[in-house]
Amino acid sequence: MLKILKYSFYDLMRSRWSYVYFAFYLLLGIVLLFLNNDLSKAVITLMNVIIVLVPLIGTIFGVMYYYNSREFTELLLAQPLKRSSIFLGQYLGVALSLSMSLILGLGIPFVFYGLFESSAIWDFSLLLITGTFLTLIFTALAFNIALSNENKIKGFGYAILLWLFLAVIYDGLFLMTLIMFEDYPLDKVSLIGTMLNPIDLSRTLILLKLDISALLGYTGAVFKQFFGTSFGLIVSFSVLIIWVLLPVWRISIKSKKKDF
Amino acid sequence: MVTIQDLHKKFGKNKVLKGVDLHIDQGGIFAVLGPNGSGKTTLIKSVLGMVIPNKGTIEVLGNNIKKSSDYRHQIDYLPQIANFPSNLKVKELIKMIKDLRKDTNEDKRLIELFKLEPFLDKKLGNLSGGTKQKVNLVLTFMFDSPLIILDEPTTGLDPISLIRLKDLIQVEKAKGKTILITSHIMSFVEEVSDEIVFILEGKIYFKGTIQDLKTKTKQPDFEHAIASILTNNHA
Amino acid sequence: MNKLFIFLVAILLAQTNDAQNIEVCSTCPISTLKDAIAQAQDFDTIVIKKGTYKEYNVIVDKPLTIIGEDYPIIDGESKGEIITVISDNVTVDGLFIINVGTSYTEDYAAIRVKNSKNFVIQNLVLEKLFFGIYIEKSRDGKVFHNKIIGDAVEEYNSGNGIQLWYSKNVDIEHNFIQHVRDGIYLEFSHFCTIKNNVSSLNIRYGLHFMFSNDDVYQDNEFSNNGAGVAVMFSKRIKMYNNVFKENWGTASYGVLLKEINDAEIIGNTFEENTIGINIEGSNRIIYKNNDFKNNGWAVKVRGACYTNSFIENNFLYNSFDIAYNSKVNDNVFDRNYWSNYTGYDLDKDGIGDVPYRPVKLFSYIVNRTPETIILLRSMFIDIIDFSEKVSPVFTPDNLMDNNPLIKKNTW
C-alpha cells in the first residue's frame, strides 16, 4: 500500500492541479495577511474558507482523481496487488497531497508573517488540523461515490450534491428542526445533529476557539459541559476520527467486491 | 493449472457467464474465442480475480482463488487496452512495476527485442498505440511466471513485432508454461494455439484442437469453422 | 492610684504636644488598639507595631490617625465587625485585617465608616471577610490602595469588597478586589470617583451601581466577574477608559446598563465577554471610542432605548455586533469600524461606500431559539443573513452605519 501511496503521491505532485490548489492557498494566505494586516480577521476569514472550500475541493478532486487515474488503476489491477491496498494507497495519495498543499499553502505566508510570535498560533493550528481532517473525510467520501458509480457524470453529480447537502442544505434542515421544536429541550439534539455532519463538527471545533464567549451565553447544562470544558474538544476530535475511518473502511470493503 | 467449475456471473440483469466448466492442463497455448460480448474477457478477469463471480469456484495451481490473492504472483497478465498513466515516462513505468512486483533483468532483453530504447525517456501519453502495446508486452513478459494470460496481444503491432511476439510465445511455451490468449485475429490463433476454447452465450461451446473443431463443423478451414458455429447458433 | 497616674501622664502629654504618638505592641504598656483609642487624644497618631491583635468591635470615636507598621494583624476571630469609624478626620493605614464575622442579619465589615467626613482608608489588606470597607452616610473621604481578597462562594452568605451607602464625594482609587460578592458597590452615592481599581473573580458584579448619580469611573479593570459590571437607575455617570474582560456566562456582560440616562461611555475596552454591553431602558448615552473585541454580542439592546449614539467605536471580531429585539430604532451609529464589514471604498476617503447593517437576522433566530447558536458561522446562516441584509424584514431598516470606516479608529 505504501508503494502505491508513493506513486499516487508522485503522480499528483506532478499534476498541475496540486499546484493550482497550493497556489490558491498561498495566494489566499498572502492576500489575507498582507493586504489586510490583521491576523485575527484573517483567521476568521480562513475559517469560513476552510469550512466551505476544503470539503468542496476534497470531494471534486477525489472524484476527479479516481476517474482520471483509471489507467493507473487498471495497470495496478493487472499486477498481483491487493485490491484494498490499491485503492487505499490512491486515496491516501490524494488526501495527503491535498492536505500538504493546504498546510504549506497557508502555512508559508503565516510563518513569514510572524505566526510563531503571535497568539493566534493555536487558532491557526486548529484551523489547519480541522482542514486536514475535512480533506481526509471528503476525499474518502468522494472515493466512495466514485467506486459506486462507473458513470463519470453521475459520480461528479453525486459528489457536488453531497457537498451541497452537507455544507448548506443540512444546516437549513437543522435550523428548521430546531425552530420547529423550540419548546422542547434541544441541547442534546443540536449537539447530535452537529456530530452527524463533519462540516458542522469542524465548524463547532473552530467555534470553540473563536466564539466561546457567545456559546457560553446559552443556559443548557449539556451545552455548558460540552463547550465549557475540554470535553467538547475531545468528543469532537474522536467523532472526526470516526468520520475518517468509516468511509475509509467502506473503500476497502467496496473495492474488494467490485468488478473491473 | 486452471480449473473452473460452474462459474456464473451477471452484471445487473445481464447474465454473462452461465455455468462455465473448464479445465486447462499445464503447458501449452490455449486460445479463448467467442463473439463480442460472449464473456471471454469476463472469464479471464474472473481467473485474475478482477471480476468477482456470483457462483462457482476457480482453482489456479490447485489453490482456490477466493481464499488468497497470493496466486496472482504466478500469473503474468497482458491487459486488453494498454492504458497507462500518461504523464509517466516509459523508463519510470518499468521501474515502478518492478518496484511493485519484484526486480528482474529480463526487461533489458525485451526492450532490445521490441526496439524500445528510443522511447524510454518519452512520456506514455505521447506514444502511439503500437508502441504502447510493445511496452505492455515488456511489462508482461519480464516476469517469469508459470501462467501467462494475454488479452488481445496483437493489437496495433507491426508485422515485425508480431513475428517477435510469436517467437516470444513459443519460447515461453517451450519452458513448459501455460499461455491463455484471446484474439480476434484468426490466423494468429490458428498459428500459435494448441487448443481452443470457444465460448458462446456464457457457456463453453467447444474445447479441443483446431483439427477437432474442423471435424466437428465439417468445414475445411479454421475461419469457416468459427463462422459456421456462429451462423448455426444465431440463425 | 494607677488610674490617677495614667490620667496625669495623659494630661502631661496633651499639654506638651498637640498630637502625640501612641505606640501599640504586645510588650508595650498599651497592647491593644482599643486601649490606645481610649487613651488617645484628638488628632493623635496610634502606631501599631508588627504582631497579632485579637480584637473586634473597635470603635474609633475621635479624630485619629491609626498606622500599622509592617502590617500588624488585626484578627476579629469571626466574632463581628472589626473597626467602626464614627468620628470625622480619621485615617486608617497599613493594617492587615482578617476574620470578619459573618451574619445573616447584620452587615459586619472589616472597617466601617459611619456618618463621618474627611476619612482616609488606605494600604489595608483584608482577608477572610464578610464586608470589606463599608462607607455609610459619609462624605469627602478616600479609599486608597487597599487589597481585598475574599473567599466568597455563594451570593447569599457573602458581602461586598467596598460598599458605599448614602455617601458623597468619595474617591476610590488603586484598590485590588477579588473573590467577594460585589467588588465595589455604590447605592445612593453621588459625586464619587472610582479610578484605577482592579476588581476581578467576584461572584456577582465587579462593580455595582444603584441610584447613584454624577459618578465617574475610569481606568479600572473588571475581569472574570460572575456577571460583569451593573450600572442601574443612575444619571450622568461617566465611564472612561475601563477594561471589561472575560465575563462569561448565561447572564454575564461587560456592562449592564439599566435605566441609565445621560451617561458617557468613552474609551473603554470590552473584550471576550458573553455580552459586551447590555442596554435596557437607557437614553441619551454617548458611546465613543470604545473597543469591542471578541465578544459574543458586542451590544445587546433590549427594551426602549432612545437617542443613544455610537460614534467612532471599533467592533472587532464579535460573534454578533449588535442585537436588537425591536423593529424601532432611534439610536445613531456613525463612523464606527466594523471588522465584519465587507463593503468597499472606491473613492478612497476611508469611509465604506455602502452602509453597514450591524444587526443580523441570525441574532433574532438565536434570541428566539437559543440552541441555534450552534449554527453560528454556517454557510446557510451566511446566506439568510445576506438576504436579510439586502431586504430587511425582521431588523429595523434604518439601523445602519452610513459611514463605516475602512480602517480601525485610533485615538
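**Figure 1. The loop around C:His174 in the predicted model.** In this predicted model, C:His174 sits in the loop that links β17 (168–173) to β18 (176–178) of chain C. Although C:His174 is not a glycine, its phi is positive, at about 55 degrees. Most residues other than glycine have a negative phi. With a relative accessibility of 37%, C:His174 counts as partly exposed.

**Figure 2. C:Lys348, a residue with positive phi in the loop between β39 and α3 (361–368) of chain C.** The phi of C:Lys348 is near 55 degrees, a positive value in a residue that is not glycine. The relative accessible area of C:Lys348 is 71%, and the residue is therefore classed as exposed.

**Figure 3. Surroundings of C:Asn336 in the loop between β38 (332–334) and β39 (337–338) of chain C.** C:Asn336 has 0% relative accessibility and so counts as buried. When residues up to four places away in sequence are left out, C:Asn336 touches C:Phe310, C:Ile311, C:Glu312, C:Asn313 and C:Phe315, and also C:Asp401, C:Asn403, C:Pro404, C:Leu405 and C:Asn409. C:Thr307, which is 29 residues from C:Asn336 in sequence, lies 17 Å from it in space, as judged from C-alpha to C-alpha.

**Figure 4. Chain C and its two assigned domains.** The domain assignment divides chain C into domain 1 (17–226) and domain 2 (248–359 + 400–411). The centres of domain 1 and domain 2 of chain C, taken over C-alpha atoms, are separated by 38 Å. Chain C contains 4 helices and 39 strands, and its C-alpha atoms fill a box of roughly 95 × 40 × 30 Å along the principal axes. Of the 411 residues in chain C, 55% are buried. Among contacts in chain C between residues at least 6 apart in sequence, 48% join residues that are at least 24 apart.

**Figure 5. The largest nonpolar core, with 264 residues.** The residues with the most contacts inside this core are B:Leu93, C:Ile46, C:Ile83, C:Tyr217 and C:Leu257. Helix α3 (residues 39–68) of chain A supplies the largest share of the core, 18 residues. At least three residues of this core come from each of domain 1 (17–226) and domain 2 (248–359 + 400–411) of chain C. Leaving out residues up to four places away in sequence, C:Tyr217 touches C:Ile194, C:Leu207, C:Phe209, C:Phe222, C:Val229, C:Val231, C:Ile237, C:Lys238, C:Met239, C:Tyr240, C:Asn242 and C:Phe244. A second core, separate from this one, has 14 residues, among them B:Ile196, B:Phe198, B:Ile210 and B:Ala225.

**Figure 6. Packing of helices α6 (residues 121–148) and α12 (residues 231–257) of chain A.** The axes of α6(A) and α12(A) lie 9 Å apart and meet at an angle of about 25 degrees, and the two helices are therefore roughly parallel to each other. Their crossing, that of α6(A) and α12(A), is left-handed. The residues of α6(A) that take part include A:Leu126, A:Ile129, A:Phe133, A:Leu136 and A:Ile137, while those of α12(A) include A:Phe237, A:Leu240, A:Ile241, A:Trp243 and A:Val244.

**Figure 7. Packing of helices α8 (residues 187–195) and α11 (residues 221–228) of chain A.** Here the angle is about 45 degrees and the axes of α8(A) and α11(A) are 8 Å apart, which makes α8(A) oblique to α11(A). A:Asp187, A:Lys188, A:Ser190, A:Leu191 and A:Met195 of α8(A) meet A:Ala221, A:Val222, A:Phe223, A:Phe226 and A:Phe227 of α11(A).

**Figure 8. A:Tyr66 in helix α3 of chain A.** A:Tyr66 has a relative accessible area of 4% and is therefore buried. Apart from residues up to four places away in sequence, A:Tyr66 touches A:Phe87, A:Phe143, A:Ala146, A:Leu147, A:Lys258 and A:Phe260. A:Tyr91 is 25 residues from A:Tyr66 along the chain, and the C-alpha atoms of these two residues are separated by 8.6 Å.

**Figure 9. A:Asp200 and the contacts between chains.** A:Asp200 belongs to helix α9 (residues 198–210) of chain A, and its relative accessibility of 0% means that A:Asp200 counts as buried. With neighbours within four places in sequence set aside, A:Asp200 is in contact with A:Tyr170, A:Asp171, A:Phe174 and A:Thr194, and also with C:Leu375 of chain C. Of the 2 pairs of chains that touch, chains A and C have the most contacts between them. Chain B and chain C are joined by no contact, and their closest C-alpha atoms are 38 Å apart.

Note on methods:
Residues are numbered from 1 along each chain as its sequence is written. Chains are lettered from A and ligands numbered from 1 in the order in which they are written. This is a predicted model: local features need pLDDT of at least 70, side-chain atom pairs count only at pLDDT 80 or more; totals for chains, interfaces and linings use all residues. Side-chain values use heavy atoms; hydrogens and water are left out. A nonpolar core is a set of buried Ala, Val, Leu, Ile, Met, Phe, Trp, Tyr and Cys residues joined through side-chain atoms within 4.5 Å. Buried means under 20% relative accessible area, exposed over 50%, partly exposed in between (1.4 Å probe, protein chains only). Domain bounds come from an automatic or database domain assignment. Contact means heavy atoms within 4.5 Å. Axes are lines fitted to C-alpha atoms, for helices over the stretch in contact, and angles run from 0 to 180 degrees between N-to-C directions. Angles under 35 degrees count as roughly parallel, over 145 as roughly antiparallel, 65 to 115 as roughly perpendicular and the rest as oblique. A crossing is left-handed if the near helix is turned anticlockwise from the far one by less than a right angle, and right-handed if clockwise.
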